[in-house]
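Open the viewer, switch on the side chains, and keep a selection box handy. We will walk from one stop to the next, and at each one you will find something to select and look at.

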Amino acid sequence: MKDFIRSDILFSLCGLNCGLCPMRLDGRCPGCGGGEGNQSCKIAKCSLEHGKPEYCSQCPEFLCEKCEEADRFDSFITHQNQKKDLQKQHEMGAERYRAEQEEKIRILKWLLQNCNDGRKKTLFCLAVNLLEPEEVRGILEQARADITFEELSLKEKAAYMAERFQKAAERTGILLKLRKKSSKTG
């Protein structure tokens with residue numbers, strides 16, 4: 001969108017963790033307000049009309065009708081924690097939230113480089129995005145401490161990590177699957 005530029009392209013205006021998005025990781029999306037390739041967005045237009053807040057949570061009209069159903073369905077990235085992450089970022093401050101997000105990005109990159117058999121990218125993106133950082137960190141530390149982990153094939157490493165993420169998600173009631181909008185849903 002013309003004239004819509006932001007300083008933080010890892011965390012979108014509406015609360016998506018763009019730094020954990022497969023489209024961004026593949027270089028196909030510059031992130032919200034990241035320049036060339038930006039898609040038109042009703043939230044970006046709204047920001048321009050409301051004095052350009054960096055995040056929806058900084059707008060005096062937050063939570064407005066545009067945000068109300070934002071986390072109902074997913075796109076390339078999960079929208080499940082959109083409002084929760086905006087609130088978390090608002091409470092802990094942009095700098096601390098960004099540091100947490102950068103740690104998640106490092107973990108995700110490690111997973112994709114060392115444990116992705118070509119079929120786990122979405123699962124790893126979802127797990128790192130939706131699980132609490134301590135949980136993700138613990139699973140990663142457990143894998144690194146397991147003396148047999150390095151001896152596993154790539155396919156076995158992918159299965160090893162996927163199983164642990166799935167179990168952690170089940171314990172906390174999280175679904176590690178993108179929720180697509182059906183054609184029947186308006």
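Start by selecting Arg144 and Trp110: the charged end of Arg144 sits over the Trp110 ring, 4.7 Å from its centre. Keep in mind as you look around that this is a predicted model.

Now pick Arg164 and Tyr160 for another charge over a ring. Here the charged end of Arg164 lies over the ring of Tyr160, 3.4 Å from the ring's centre.

**Along helix 8**

Tyr160 is one of the buried residues of helix 8, so let us stay with that helix. Select residues 154-172 to show helix 8, which has 19 residues. From its first C-alpha to its last it reaches 27 Å, close to the 27 Å expected at 1.5 Å a residue. Just after the helix comes Gly173, with a positive phi near 75°.

Which residues of helix 8 are buried? Colour Lys157, Ala158, Tyr160, Met161, Ala162, Phe165, Ala168 and Ala169 to see them. As a reminder while you look down the helix, residues three or four places apart on an α-helix point the same way, because there are 3.6 residues a turn. To see what the buried residues of helix 8 pack against, add helix 5 (94-114), helix 6 (121-130) and helix 7 (133-145).

**Over to helix 6**

Hide the rest for a moment and select helix 6. Is this helix mostly covered or mostly open? Mostly covered: eight of its 10 residues are buried. They are Leu123, Phe124, Cys125, Leu126, Ala127, Val128, Asn129 and Leu130. Bring the neighbours back, and you will find these buried residues packing against helix 1 (22-25), helix 4 (82-92), helix 5, helix 7 and helix 8.

**A pair and a core**

Next, select Phe124 and Phe165 together. Their ring centres are 6.0 Å apart and their planes stand at 65°, so the pair is edge-to-face. It links distant parts of the chain, with Phe124 in helix 6 and Phe165 in helix 8, 41 residues apart. Both Phe124 and Phe165 are buried.

What else does Phe124 touch? Leaving aside neighbours within four places in sequence, Phe124 is in contact with Leu108, Leu111, Leu112, Cys115, Asn116, Ala158, Met161, Ala162 and Phe165.

Widen the view to the largest nonpolar core, which has 28 residues. Within it, Leu111, Phe124, Met161, Phe165 and Leu176 touch the most other members. Helix 5, helix 6, helix 7 and helix 8 each supply at least two residues of this core, and helix 6 gives the most, with seven. There is also a second, separate core of 19 residues; Cys21, Ile43, Met92 and Tyr97 are among them.

**Rings around Tyr97**

Tyr97 leads to the next stop. A search of the whole structure finds five aromatic pairs. One to select is Phe11 with Tyr97: the ring centres are 4.7 Å apart and the planes at 50°, so this pair is tilted. Phe11 belongs to the segment before helix 1 and Tyr97 to helix 5, 86 residues apart along the chain. Both of these residues are buried. Add Tyr55 to your selection, and you have one aromatic cluster of Phe11, Tyr55 and Tyr97.

Now select Gln89, found in helix 4. Is Gln89 buried or exposed? At 4% relative accessibility, Gln89 counts as buried. Beyond its neighbours within four places in sequence, Gln89 is in contact with Phe11, Tyr55, Ser57, Ala94 and Tyr97.

**Two loop stops**

For the loop between helix 3 (65-68) and helix 4, select His79. His79 has 13% relative accessibility and counts as buried. A polar contact of 3.1 Å joins its side chain to that of Gln82. Leaving aside neighbours within four places in sequence, His79 is in contact with Leu16, Ala70, Asp71, Phe73, Asp74 and Arg179.

Finish at Asp26, in the loop between helix 1 and helix 2 (42-49). At 41% relative accessibility, Asp26 counts as partly exposed. Show Arg28 too, and look for the 3.0 Å polar contact between the side chains of Asp26 and Arg28. For a last look, pick the C-alpha atoms of Asp26 and Ser75: they are 15 Å apart, and the two residues are 49 residues apart along the chain.

Note on methods:
Residues are numbered from 1 along each chain as its sequence is written. This is a predicted model: local features need pLDDT of at least 70, side-chain atom pairs count only at pLDDT 80 or more; totals for chains, interfaces and linings use all residues. Side-chain values use heavy atoms; hydrogens and water are left out. Helices (H or I, at least four residues) and strands (E, at least two) are DSSP runs, numbered from the N terminus. The expected span of a helix is 1.5 Å times one less than its number of residues. Buried means under 20% relative accessible area, exposed over 50%, partly exposed in between (1.4 Å probe, protein chains only). Contact means heavy atoms within 4.5 Å. Rings of Phe, Tyr and Trp (its six-membered ring) pair if their centres lie within 6.5 Å; planes under 30 degrees apart count as stacked, over 60 as edge-to-face and the rest as tilted. A charge sits over a ring if NZ of Lys or CZ of Arg is within 6 Å of the ring centre and within 35 degrees of the ring normal. A polar contact is a pair of N or O atoms within 3.5 Å; within protein, one must be able to donate a hydrogen and the other to accept it, and residues adjacent in sequence count only if both atoms are side-chain atoms. A nonpolar core is a set of buried Ala, Val, Leu, Ile, Met, Phe, Trp, Tyr and Cys residues joined through side-chain atoms within 4.5 Å.
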